[in-house]
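Open the model in your viewer and keep the selection tool ready. This tour goes stop by stop.

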Amino acid sequence: MYGEGSDDQCWLNYLKSLFAKEKTVKIKNGGGGSPDSVIKRMVGDISFNDYDGKIALLDTDRPEFIEAKNLANEHSITLIPSNGCIELELLELLRIIYPKKVSGAALKRARVNSHQAKAEFKKVCEHSPNAYAKFFTNETLIEARSSSTWLDMLLAALEAA
């Protein structure tokens, strides 16, 4: 699995620790940048063909996502697109899990752009270094997956590995 950048990689590693602990799932950082450059790096990875499944978690908030989608299809890569950026998806999950923690106004501000989404996510998580473990427990994620296609796709990919 490739995450677009370091935040995605951290999130994927956290999910792996909960849902695929005993499995050999390799999580890699796509190096950031545009979605298509992440897919190009993934395809160029020396060990690319050694993987049974190839999955990329990509933000959809950039126009290059269309090219990334085409490249992914060409190379049999399963895309898990986030609605905008990962921080917005995480805020949406927090809104499902803890409705009083994330206000509608905070979500509205987060939807403006990825920088605003990151700022809102940090505010909500109180800059906690253990934000994932603190707010996204195994139980809350299982409960939230029925309300989040994005989360369900991620967990299903890890469970199937």
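At what angle do helix 1 and helix 9 pack, and how far apart are their axes? Note before you start that this is a predicted model.

**Stop 1: two helices crossing**

Select residues 6–19 for helix 1 and residues 149–160 for helix 9. The two pack at an angle of about 55 degrees, and their axes are 10 Å apart. Helix 1 and helix 9 are therefore oblique to each other. Their crossing is right-handed.

Now show the side chains at the contact. From helix 1, pick Trp11, Leu12, Leu15, Lys16 and Phe19. From helix 9, pick Trp150, Leu151, Leu154, Leu155, Leu158 and Glu159. Colour them by type: nine are nonpolar, two are charged and none is polar.

**Stop 2: Met153**

Stay in helix 9 and select Met153. Is Met153 buried or exposed, or in between? Its relative accessibility is 31%, so Met153 counts as partly exposed.

Next, look for its partners beyond the neighbours within four places in sequence. Met153 is in contact with Leu79, Ile80 and Pro81. Draw a distance from the C-alpha of Met153 to that of Leu79: the viewer should give 9.5 Å. Along the chain, these two residues are 74 residues apart.

**Stop 3: the sheet**

Switch to the strands. In what order do the four strands of the open sheet stand? The order is 2-1-3-4, with parallel pairing. Strand 2 (28–29) and strand 4 (78–82) stand at the edges. Each has a single partner strand, so one side of each is left without a neighbour in the sheet.

Walk across the sheet from strand 2:

- Strand 2 to strand 1: select residues 2–3 for strand 1, which runs parallel to strand 2 and is joined to it by two bridges. Tyr2 stands opposite Lys28 of strand 2.
- Strand 1 to strand 3: the pair is parallel, over two bridges. Gly3 stands opposite Leu57 of strand 3.
- Strand 3 to strand 4: the pair is again parallel, over five bridges. Leu58 has Pro81 of strand 4 as its bridge partner. Pro81 is also one of the contacts of Met153.

**Stop 4: strand 3 and its cover**

Select residues 55–59, which make up strand 3. How many of the residues of strand 3 are buried? Five of its five are. Ile55, Leu57 and Asp59 lie on one side, Ala56 and Leu58 on the other, and both faces are covered.

Add residues 65–74 to bring in helix 3. Helix 3 lies across strand 3 and strand 4, and runs at about 160 degrees to strand 4.

Then add helix 2, residues 35–44. Its buried residues are Pro35, Asp36, Ser37, Val38, Ile39 and Met42. These pack against strand 1, strand 3, helix 3 and strand 4.

**Stop 5: Leu90**

Finish in helix 4, residues 86–97, and select Leu90. Why does Leu90 count as buried? Its relative accessible area is 1%, and the cut-off for buried is under 20%.

Which residues does Leu90 touch, leaving aside neighbours within four places in sequence? Show Trp11, Phe121, Tyr132, Phe136 and Trp150. You have met Trp11 and Trp150 already, in the contact of helix 1 with helix 9.

For a last distance, take Leu90 and Ser147: they are 13 Å apart, C-alpha to C-alpha, and 57 residues apart in sequence.

Methods: Residues are numbered from 1 along each chain as its sequence is written. This is a predicted model: local features need pLDDT of at least 70, side-chain atom pairs count only at pLDDT 80 or more; totals for chains, interfaces and linings use all residues. Side-chain values use heavy atoms; hydrogens and water are left out. Axes are lines fitted to C-alpha atoms, for helices over the stretch in contact, and angles run from 0 to 180 degrees between N-to-C directions. Angles under 35 degrees count as roughly parallel, over 145 as roughly antiparallel, 65 to 115 as roughly perpendicular and the rest as oblique. A crossing is left-handed if the near helix is turned anticlockwise from the far one by less than a right angle, and right-handed if clockwise. Contact means heavy atoms within 4.5 Å. Ala, Val, Leu, Ile, Met, Phe, Trp, Tyr, Cys and Pro count as nonpolar, Asp, Glu, Lys and Arg as charged, and the others, Gly among them, as polar. Buried means under 20% relative accessible area, exposed over 50%, partly exposed in between (1.4 Å probe, protein chains only). Two strands pair if DSSP finds at least two bridges between them.
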